[in-house]
Amino acid sequence: MTTIPNITLNNGQTIPQFGFGVFQIKPKDTTAAVSRALRDGYRHIDTAEMYGNEAEVGEAVARSGLDRGEVFVTSKLNNDAHEPGAARAAFDATLKALGFDYVDLFLIHWPLPARYGGDYVSTWKTLEEFYREGRARSIGVSNFQPHHLRRLHGETQIIPAVNQIEVHPYLTQDDVRAFCAEHQIAVEAWSPLGQGSVLDDPVIRSVAERAGKTPAQVVLRWHLQRGDIVFPKSVTPKRVKENIDIFDFQLSAADVEDITLLNKNERTGPDPDKFGGR
Ligand code: NAD
């Protein structure tokens with residue numbers, strides 16, 4: 001069985017550095033996809049209220065025969081529920097849908113600086129309640145820029161355990177990552193494969209040929225060696241197996257650097273400073 005490294009978060013909790021993302025997996029396909037991933041050795045699932053498939057994730061965990069404590073599950077607060085009362089109701093609904101009495105990690109999905117009068121601070125204080133109650137073992141944010149994090153730091157008590165941001169070879173985010181490292185905030189890299197867009201890159205293909213691995217495996221390995229947490233998504237059984245088969249090789253420091261130099265600051269998703277939520 002594959003040994004997936006754990007990362008220790010700033011509150012002492014541990015998170016598997018590698019997992020399975022379920023964005024854009026249709027609810028009707030989610031239980032089967034997550035069940036397959038769990039059979040293949042995945043032990044970390046990343047969902048969100050927005051994805052509409054929390055119930056199906058919970059069902060796959062329940063059916064797996066694994067203890068609840070063996071699977072790390074993250075969900076995220078929806079953009080329409082930042083106001084504290086709405087956030088409490090949304091979090092209750094998340095736990096109910098998953099069928100759990102706690103989530104391992106709960107995130108503010110987007111900072112939405114142009115909505116709610118720019119008040120993501122009250123939203124964060126509401127997540128602090130979930131943490132104190134033990135219903136979220138860790139809390140964090142997603143798509144926060146350093147200036148959003150600085151504001152939380154000044155006005156709230158708990159430092160986010162993670163910041164989940166878009167990172168891949170065409171968007172290396174080294175400034176946000178350095179800020180997070182300095183403040184003991186673990187980085188989770190969403191769309192780690194750039195939703196597939198980086199896999200035809202000639203540099204990545206040539207590293208893959210030399211390593212005897214696929215481009216996707218090389219890119220995922222690049223993330224792990226940079227210290228980020230990743231959870232690629234696929235519904236194709238062969239790719240789900242391929243993506244987790246990355247713990248038997250190492251990239252050289254030069255290969256890591258060559259891939260990092262591919263950065264073009266090219267986002268596949270929205271700019272967090274502008275995004276108003278859908
Ligand atoms: P990804 O980079 O994981 O790419 C997924 C796509 O890449 C697949 O649909 C498939 O087309 C392709 N792919 C996957 N494995 C492959 C392989 N081995 N070979 C060739 N092609 C392959 O993109 P993603 O799904 O957007 O991101 C992963 C996870 O990140 C999501 O499922 C979700 O959990 C999270 N996410 C979070 C946010 C956020 O705002 N917090 C936004 C987007 C995604």
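This passage describes the sheet, a helix, the ligand site and some single residues of a predicted model.

The sheet comes first. Strands of a sheet pair through backbone hydrogen bonds, either parallel or antiparallel. Here eight strands form an open sheet, and their pairing is parallel. Their order is β3-β4-β5-β6-β7-β8-β9-β10. The edges are formed by β3 (20-21) and β10 (229-230). Each of these edge strands pairs on one side only.

Several neighbouring pairs can be followed in detail. Strands β4 (44-46) and β5 (72-77) run parallel and are joined by three bridges. In this pair, Ile 45 stands opposite Val 73 of β5. Strand β5 also runs parallel to β6, with four bridges between them. Ser 75 faces this second partner, standing opposite Phe 106 in β6. Next, β6 (residues 103-108) pairs with β7 in the parallel sense over five bridges. Leu 105 stands opposite Ser 138 in β7.

Two of these strands are mostly covered. In β5, six of six residues are buried. In β7 (residues 136-142), six of seven residues are buried.

Helix α2 spans residues 54-63. Its buried residues are Glu 54, Val 57, Gly 58, Ala 60 and Val 61. Seen down the axis of α2, these residues fall within an arc of 160 degrees, so they line one face of the helix. The face turned away from the buried side carries the exposed residues Ala 62 and Arg 63. The cover over the buried residues of α2 includes both helices and strands. Among the covering elements are the helices α1 (27-39) and α3 (84-98). The strands β4 and β5 are also included. Just after α2, Gly 65 takes a positive phi of about 85 degrees.

Thr 31 lies in helix α1. Thr 31 counts as buried because its relative accessibility is 11%, and the cut-off for buried is under 20%. Its neighbours within four places in sequence can be left aside. Thr 31 is then in contact with Glu 56, Glu 59, Ala 60 and Arg 63. Two of these partners have already appeared in the account of α2: Ala 60 is one of its buried residues, whereas Arg 63 is exposed on the face turned away from the buried side. The side chain of Thr 31 also reaches the backbone oxygen of Glu 56, at 3.1 Å.

Asp 92 lies in helix α3. Asp 92 has a relative accessibility of 39% and therefore counts as partly exposed. Asp 92 and Val 71 are 21 residues apart in sequence. In space, their C-alpha atoms are 20 Å apart.

The ligand is surrounded by 26 residues. The closest are Asp 46, Ser 191, Leu 193, Gln 195 and Asn 243. Three distances to ligand oxygen atoms can be listed. An N or O atom in the side chain of Asp 46 lies 2.6 Å from a ligand oxygen. For the side chain of Ser 191, the corresponding distance is 2.8 Å. Pro 192 takes part through its backbone, with an N or O atom 3.3 Å from an oxygen atom of the ligand. Taken alone, the ligand exposes 830 Å². The protein buries 89% of that area.

Ser 191 also stands out for its backbone. This residue is found in the loop between β9 (186-190) and α7 (202-211). Its phi is positive, at about 50 degrees, although Ser 191 is not a glycine. At 13% relative accessibility, Ser 191 counts as buried.

Leu 112 likewise has a positive phi in a residue other than glycine, near 50 degrees. Leu 112 is placed in the loop between β6 and α4 (120-132). With a relative accessible area of 1%, Leu 112 is buried.

How values were computed
Residues are numbered from 1 along each chain as its sequence is written. This is a predicted model: local features need pLDDT of at least 70, side-chain atom pairs count only at pLDDT 80 or more; totals for chains, interfaces and linings use all residues. Side-chain values use heavy atoms; hydrogens and water are left out. Buried means under 20% relative accessible area, exposed over 50%, partly exposed in between (1.4 Å probe, protein chains only). Helices (H or I, at least four residues) and strands (E, at least two) are DSSP runs, numbered from the N terminus. The arc is that of the directions from the helix axis to the C-beta atoms. Contact means heavy atoms within 4.5 Å. A residue is near a molecule or strand if one of its heavy atoms lies within 4 Å of it. A polar contact is a pair of N or O atoms within 3.5 Å; within protein, one must be able to donate a hydrogen and the other to accept it, and residues adjacent in sequence count only if both atoms are side-chain atoms. Accessible areas come from the Shrake-Rupley method with a 1.4 Å probe; for residues, only the protein chains shown count as cover. Two strands pair if DSSP finds at least two bridges between them.
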